[in-house]
Amino acid sequence: MTAPVSGLETVELPEMPSLSRLYVAAARDAARKLVGRASARVSLPRARHHVAGVRPDLVKMTEYQTLLGETKRDVAPAGYVHTLAFPAAMSVMGREDFPLPLLGMVHLRNSVEYLLPIRYDDLLEVWAWAENLAGHRAGTQVELVVEVRHAGNDDVAWRGTSTYLAKGVYLPGVDKPGLNGQRDEFSPPAPTALWRLASETGREYAAVSGDFNPIHLSSISARALGMRRSIAHGMYTASRALAEVGPQKGDTFTWDVAFEAPVFLPARVCLSITDIADDDGTWARSEFVGWNASSGRRHFRGTIARL
Amino acid sequence: MTDTYTAFVSRGWGRDIAKRLGLPQPVELRRYRPGAPLLPGPALLVGSGPSAEAVASALTEWGVEVRREGAPDGGASRPDDGAKAPKLGAIILMLEGIERPEDLSAPVLAAGQAVRSLAPSGRVVTLSRRASTQDEPAVAAARQGVEGILRSLAKELRAGATGNGILLAEDVTADAPSVIGALRFLLSGRSAFVDGQFLTVGSSAGELPSDPERPLEGKIAVVTGAARGIGAAIARTLARDGAKVVLVDVPAAGESLAKVANEVRGTALQLDITRQDAGERILAHAVGRYGRLDVVVHNAGITRDKLLANMDAARWDSVIAVNLAAQLRINEALLGSDGLGEGLHIVSVSSTSGLAGNRGQTNYAASKAGVVGMVRSTAARLAARGGTANAVAPGFIETEMTARIPFATREVARRLNSLQQGGQPQDVAEAIAFLASDAAAGITGNILRVCGQNLVGQ
Amino acid sequence: MSTLRKAVVVGGNRIPFARANGAYAMTSNQDMLTAALDGLVARFGLQDERIGEAAAGAVLKHSRDFNLTREAVLGSALSPETPAYDVQQACATGLETVLGLADKIKLGRIESAVAGGVDSASDAPIVVSEGLRHAVLELNGAKTVQQKLKALSRLRPKDVTPVAPGTNEPRTGLSMGEHQALTTAQWDISREAQDELALASHRNLADAYGRGFFDDLITPYRGLARDSNLRPDTSMDKLGSLKTVFGRQLGDKATMTAGNSTPLTDGASSVLLASEEWAESRDLPILADVVDGEAAAVDFVHGKDGLLMAPVFAVPRLLGRLGLTFEDIDYFEIHEAFAGTVLCHLAAWEDEEFCRERLGLDGAFGKVDRAKLNVNGSSLAAGHPFAATGGRIVATLAKQLHERGSVGGRPARGLISVCAAGGLGVAAVLEAR
């Protein structure tokens, strides 16, 4: 098996780590860091975590498909692969030598290339590492990259890049960018769909994704972390938009989403999906945007495109 | 709709109490059921001659045991032959030969001797000639006298027994189909609530049914107001007797109309009969679906009671429009149509209120008396094409409508007749079914009361 | 087509349509369909007839009604030997039963048929939550007390809350009204135009009642003799005073009110279809021929077309196949899901660009003569018990055509179009007899 990225030390994990354990550890670290003010690191871990023998869980995948409105097919939805493989990335973020605090990180963008279909019974290997530590006007951002391959196949089947922002964390030597993130005026188009998101939405997605980040679970747990109310997982909204693009996208595609205003639960979210076809009429991509039905604030936007 | 009082005093200790207190003692009337014997016992036939023979042979054919009084072979089977002798089902008094009042004595007194032997719901039927202005005074007197005898005797009868008469026009003999047909009707349970009445047979027209239990076999009949009450009973009875029934009622009554139509396997025609084209629509439906029209029963009617001093135009006009004007217009359409076959039988529902009058019902009585006039006039017009027009005049009938009368008033009203009870919708329907049949083709322009010999009116 | 025999409309029967939670609040779909069938049997004396086949359906359907039509047949005065099946094509259910059965008659498979539909918004099925469903299924399979307790322990309070059905499109979460509000705004249909159409619907329906037109099309039920939504005395002022209920996010462009939208309604309808021979041999009337029909669907999910715009596509295809244009149509029965729906259809057929680009025509398809549109009222006035609407329209149009007879030497001709959830639309052509 060739190493997917050179120059990184491969750390073998015996099994996919548990996200909840990682969150507990992160909370402990956060407390320690508050007390100890550990010296800030300015570089990312030179490590790549590897988990072999990963297999989708059919029950979990079915629950995921039910919640997100995906037709129950044998090919795993791209968002499900994310929930399956992302704990490997979390374990990178939970490393002692990871320079940013795991808790309180904001998911800015997510980009997925689904290159080869993954079936529910496929045996998989997962690699995860962090890269592109960069300044942001509100703190420091980092990309967590996850690659999934079929066991015994060098070709990447699924690659996800999740960009996180550590708000208010400024690292020495990491440049702050200029005011490049200018906000464009958003005027909502005609919606093509309306989501009525109940307050349980966060708990329900946590149950199928394993992402029990307290800010998603209840208004109490969210308030403990400084949020007014609980917020929907960004990946929930992105995955639901992906599901609603429908079967035209096929099994393999790219899926990019940028998250903006958080979705405080409960919420009514308007969605607009625009299908764009080639000259010959075949589907090329779908652009989607979601906004708050009452305030008109944009929550997310993205594109799903043919490879 | 059930008369609980009648049920109460008909059996057990209720009967004893009523007897001791001298309360009215109505009995449950013998009503027609297909397959049941025509009479509850033998018939005593009083009289002789060809007429009596004709009646005797009809009775025998109907499976009735005939006993003779005044027959040449003389009293072989007198009713008082033995204490064990079964009660008489009927007494039939042949009086068509009488010429002088004095002729009445022997047969009437002989019949009187037999009255005590009459079974519950037994029958007395007289056959006599209609008195007319052409008759010699003595003849007319004797003939008219029969009516007094019968009406009084009917009031003397007890336990559901009734007395009715058949009047023969001058050239009609006792073997005429409608005489035999009327006799059978009056003997049977079909006439349970007809009491103290006469049917006049004006001609020898008509035909007896091959199956007396299916006298309307294959006939196409229209019944208006058929959704409920008496109209529904008429539809059921006509269907039972073999007719295909077109049931008409206002569109608003369509739900019950459909129910009755499906029950009697007929067709529902939702129609406001006051529409100008109601007659054409009825005709189109009947002829369109069934190829012809044999019977029309004008039953639809409404009441809008008010003392005349308080009457408004809406109440007055609507009653006249529905109860009378609509019938006239429909008849006109029917009579004006070429498509109609011969032998159309029209039967209208009048009312004892129309004959005797009723407080608060000037409008209703006008319409129902008007029906009488209309029927007599229409009968004359229809005679040329072999049709008939008759009316029945119900007295107190147990319906949803009469159930709404206050209890005390209702109790009095239903006891004010010789049978001491209200009639059932079926009783009216039976009379109509008879008048609608070909066996009654010799009977036209008649107003037959179905009132248990109500004390009011004629 | 020429080798096929004809399928004819003998007549129809429906119960008056009742606004939800009104006269029929306590009656089920089966009750109402049975009543509609009973009235049909009574009207045509079908008590002893084994009908070739009966087909009907409901949009909102209880799971216990898995054999709704057959159960209604068994409960009705129809011969119990009449076979039956259910059809479900959203609001097009009623029209589709007519077309499907007419085809069977044309092919000679059956001689007679009863088509129909029913819906109850009052007795809509309430389903249990997924959580409760799973727990109950597990409980049924549990053998020990422990297993049973375990199954029950999974229940959460919210699982016990029943779930009422919505009329929201499953794929978009938008209600039909919200969808139409978007299309109405897209086609720039004014509030006034919608209110005028609603007013015409009420007036036409009231006039039809007034002249006794429905005397042989409707059988009263449960004390209701007329459609309870009908407002004979409504006016532009009254309609204009109503608040908008759909598309409020459009602000000033919101135009849809309870007056120019159909209310939730309960009701049932039925239509008697037959071969000519069958009808003639029984001396039954023949009102109209079922000439042809066409279904269409639009890709509404991402807004390519409006949810209720499929008839815009079905009608030109159908008329094209028959070699007809709007000039050849004497009566247009365009189902009024919303006034905006009808007006968007009319606008689309008049729009050159749309007709060229989306319908592939040389130019605008044509203009509907408003004097020929829904002449006896439509769903805005009568109400719209989803699956029952097709039967209402077919029977009404067939009678209207029969009364008209011929037009310029040819049989009077009517066009029906019905839009439906899921971006569906069905159209049909009937001709007078």
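What covers the buried residues of H6(C)? Strand S7 (193-197) of chain A is part of the answer, together with strand S6 (244-246), strand S7 (256-257) and helix H11 (339-350) of chain C. Helices (H or I, at least four residues) and strands (E, at least two) are DSSP runs, numbered from the N terminus. This is a predicted model: local features need pLDDT of at least 70, side-chain atom pairs count only at pLDDT 80 or more, and totals for chains, interfaces and linings use all residues. Residues are numbered from 1 along each chain as its sequence is written, while chains are lettered from A and ligands numbered from 1 in the order in which they are written.

**Helices of chain C**

Back to H6(C), residues 176-186: nine of its 11 residues are buried (20 or more other C-beta atoms within 10 Å of the residue's own; exposed is 12 or fewer, partly exposed is in between, and C-beta atoms are placed from the backbone). Among the buried ones are Met176(C), His179(C) and Leu182(C). After the helix comes Asp188(C), with a positive phi near 55 degrees.

H4(C) (residues 130-141) and H5(C) (residues 145-153) have axes that come within 8 Å and cross at roughly 180 degrees. Axes here are lines fitted to C-alpha atoms, for helices over the stretch in contact, and angles run from 0 to 180 degrees between N-to-C directions. That makes the two helices, H4(C) and H5(C), roughly antiparallel (angles over 145 degrees; under 35 is roughly parallel, 65 to 115 roughly perpendicular, the rest oblique). Ala135(C), Glu138(C) and Leu139(C) of H4(C) meet Lys148(C), Ala151(C) and Leu152(C) of H5(C); contact means C-beta atoms, placed from the backbone, within 7 Å.

**Who touches whom**

Here are the class counts for three contacts. Ala, Val, Leu, Ile, Met, Phe, Trp, Tyr, Cys and Pro count as nonpolar, Asp, Glu, Lys and Arg as charged, and the others, Gly among them, as polar.

| Contact residues | Nonpolar | Polar | Charged |
|---|---|---|---|
| Side of chain C that touches chain B | eight residues | five residues | six residues |
| Side of chain C that touches chain A | three residues | five residues | three residues |
| H4(C) with H5(C) | four residues | no residues | two residues |

Chain C puts 19 residues into its contact with chain B, which supplies 20. With chain A, the contact takes 11 residues from chain C and 15 from chain A.

**The sheet in chain B**

Seven strands of chain B form an open, parallel sheet in the order S9-S8-S7-S10-S11-S12-S13, where pairing needs at least two DSSP bridges between strands. S9 (267-270) and S13 (447-450) of chain B are the edges, each pairing on one side only. The twist averages 20 degrees from one strand to the next. S8(B), residues 244-249, pairs with S9(B) over four bridges, and Val248(B) stands opposite Leu269(B) in S9(B). H8(B), residues 254-263, lies across S8 and S9 of chain B, at about 160 degrees to S9(B).

Ala221(B) sits in S7(B), residues 220-224, and is buried, with 29 other C-beta atoms within 10 Å. Its C-alpha is 9.3 Å from that of Arg292(B), 71 residues apart in sequence.

**Cores**

Leu247(B) and Leu273(C) touch the most other members of the largest nonpolar core, which has 275 residues. Such a core is a set of buried Ala, Val, Leu, Ile, Met, Phe, Trp, Tyr and Cys residues joined through C-beta atoms within 7 Å. H1(C), residues 29-44, gives this core its largest share, nine residues. Apart from it lies another core, of 75 residues, including Leu84(A) and Val269(A).

Notes. Contact = placed C-beta atoms within 7 Å.
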